[in-house]
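Work through the exercises below with the sequence and the model open. Each task is followed by a solution in steps.

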Amino acid sequence: MSDVIKNSGKSLHVSQEVVARIIINTVAEIEGVSRIAPVMKSPRQLWLRQENFGNLRIGLVDDVLSVTIGIILRQNAKAVSTAEEVQDKVKSAVQNMLGLTVAKVNVNVCGIDKDSE
C-alpha cells in the first residue's frame with residue numbers, strides 16, 4: 001500500500017512499511033522502551049506473508065500523518081517521561097526523514113518487561 005504526498009506539482013509515493021520502519025527504528029533507540037507491543041498476525045498477513053510491525057497504526061489524511069503505537073516499557077522506566085520521549089522522537093524522525101507533517105503521536109503503554117534491565 002502506498003500513500004501519495006503532493007508537493008508543488010510533484011508527487012512522492014511512500015509505503016506504510018517505510019513509515020513503520022522509521023518509527024520502529026526510532027523507538028528502538030529510546031532507553032526506557034523494551035519493544036513495540038506485539039499483536040497477532042491477521043489471516044491476510046499470514047496468507048500474503050506480510051510483515052507484522054506490532055501494535056502500530058499509521059493514518060494519513062490530507063498529507064497529515066497520525067500515529068498510534070503500543071509499547072512495552074523496561075522494568076524501571078518512567079512511563080510518562082518515556083511516552084513523551086517516544087512522541088517527540090517519532091514526530092521529529094518522520095518529519096525530518098519524509099517531510100510529512102505529523103499531527104499527533106499517541107502512545108499506549110501496554111506492559112512492562114520484567115526481564116529487561
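**Exercise 1. Locate the residue that stands opposite R57, then describe its surroundings.**

Step 1. R57 stands opposite T68 in β5. This is a predicted model, in which local features need pLDDT of at least 70, side-chain atom pairs count only at pLDDT 80 or more, and totals for chains, interfaces and linings use all residues. Residues are numbered from 1 along each chain as its sequence is written, and side-chain values use heavy atoms, with hydrogens and water left out.

Step 2. Is T68 buried or exposed? T68 counts as buried because its relative accessibility is 15%; buried means under 20% relative accessible area, exposed over 50%, and partly exposed in between, with a 1.4 Å probe and protein chains only.

Step 3. List the contacts of T68, where contact means heavy atoms within 4.5 Å. Leaving aside neighbours within four places in sequence, T68 touches N55, L56, R57, N106 and N108.

Step 4. The side chains of T68 and N106 are also joined by a polar contact of 3.4 Å. A polar contact is a pair of N or O atoms within 3.5 Å; within protein, one must be able to donate a hydrogen and the other to accept it, and residues adjacent in sequence count only if both atoms are side-chain atoms.

**Exercise 2. Place β5 among its partner strands.**

Step 1. Helices (H or I, at least four residues) and strands (E, at least two) are DSSP runs, numbered from the N terminus. The protein chain has three helices and six strands, in the order β-β-α-β-α-β-β-α-β.

Step 2. Two strands pair if DSSP finds at least two bridges between them. Strand β4 (residues 56–61) and strand β5 (residues 64–74) are antiparallel, with six bridges, and G59 has S66 in β5 as its bridge partner. Two residues separate β4 and β5 in a hairpin, and D62 in the turn has a positive phi of about 55°.

Step 3. β3 and β5 are also antiparallel, over three bridges; I36 stands opposite I71 in β5.

Step 4. β5 and β6 run parallel and are joined by eleven bridges, with L73 opposite I112 in β6. The chain passes from β5 through α3 to β6 in a right-handed β-α-β crossover: with the strands pointing away from the viewer, the path from the first strand over the helix to the second runs clockwise.

Step 5. Eight of the eleven residues in β5 are buried.

**Exercise 3. Which residues touch the most other members of the largest nonpolar core?**

Step 1. A nonpolar core is a set of buried Ala, Val, Leu, Ile, Met, Phe, Trp, Tyr and Cys residues joined through side-chain atoms within 4.5 Å. The largest one holds 27 residues, and I23, V27, I69, V86 and V94 touch the most other members.

Step 2. The elements giving two or more residues to this core are α1 (16–28), β3 (33–36), β4, β5, α3 (79–98) and β6 (101–113).

Step 3. Not counting residues up to four places away in sequence, I69 touches I23, V27, I36, N55, L56, V86, N106, V107 and N108.

**Exercise 4. Is D88 buried or exposed?**

Step 1. D88 lies in helix α3.

Step 2. D88 counts as exposed because its relative accessibility is 53%.

Step 3. The C-alpha atoms of D88 and V105 are 8.2 Å apart, with the two positions 17 residues apart along the chain as the separation.

Step 4. For the whole protein chain, buried residues make up 37% of the 117 residues.

How values were computed:
Contact = heavy atoms within 4.5 Å.
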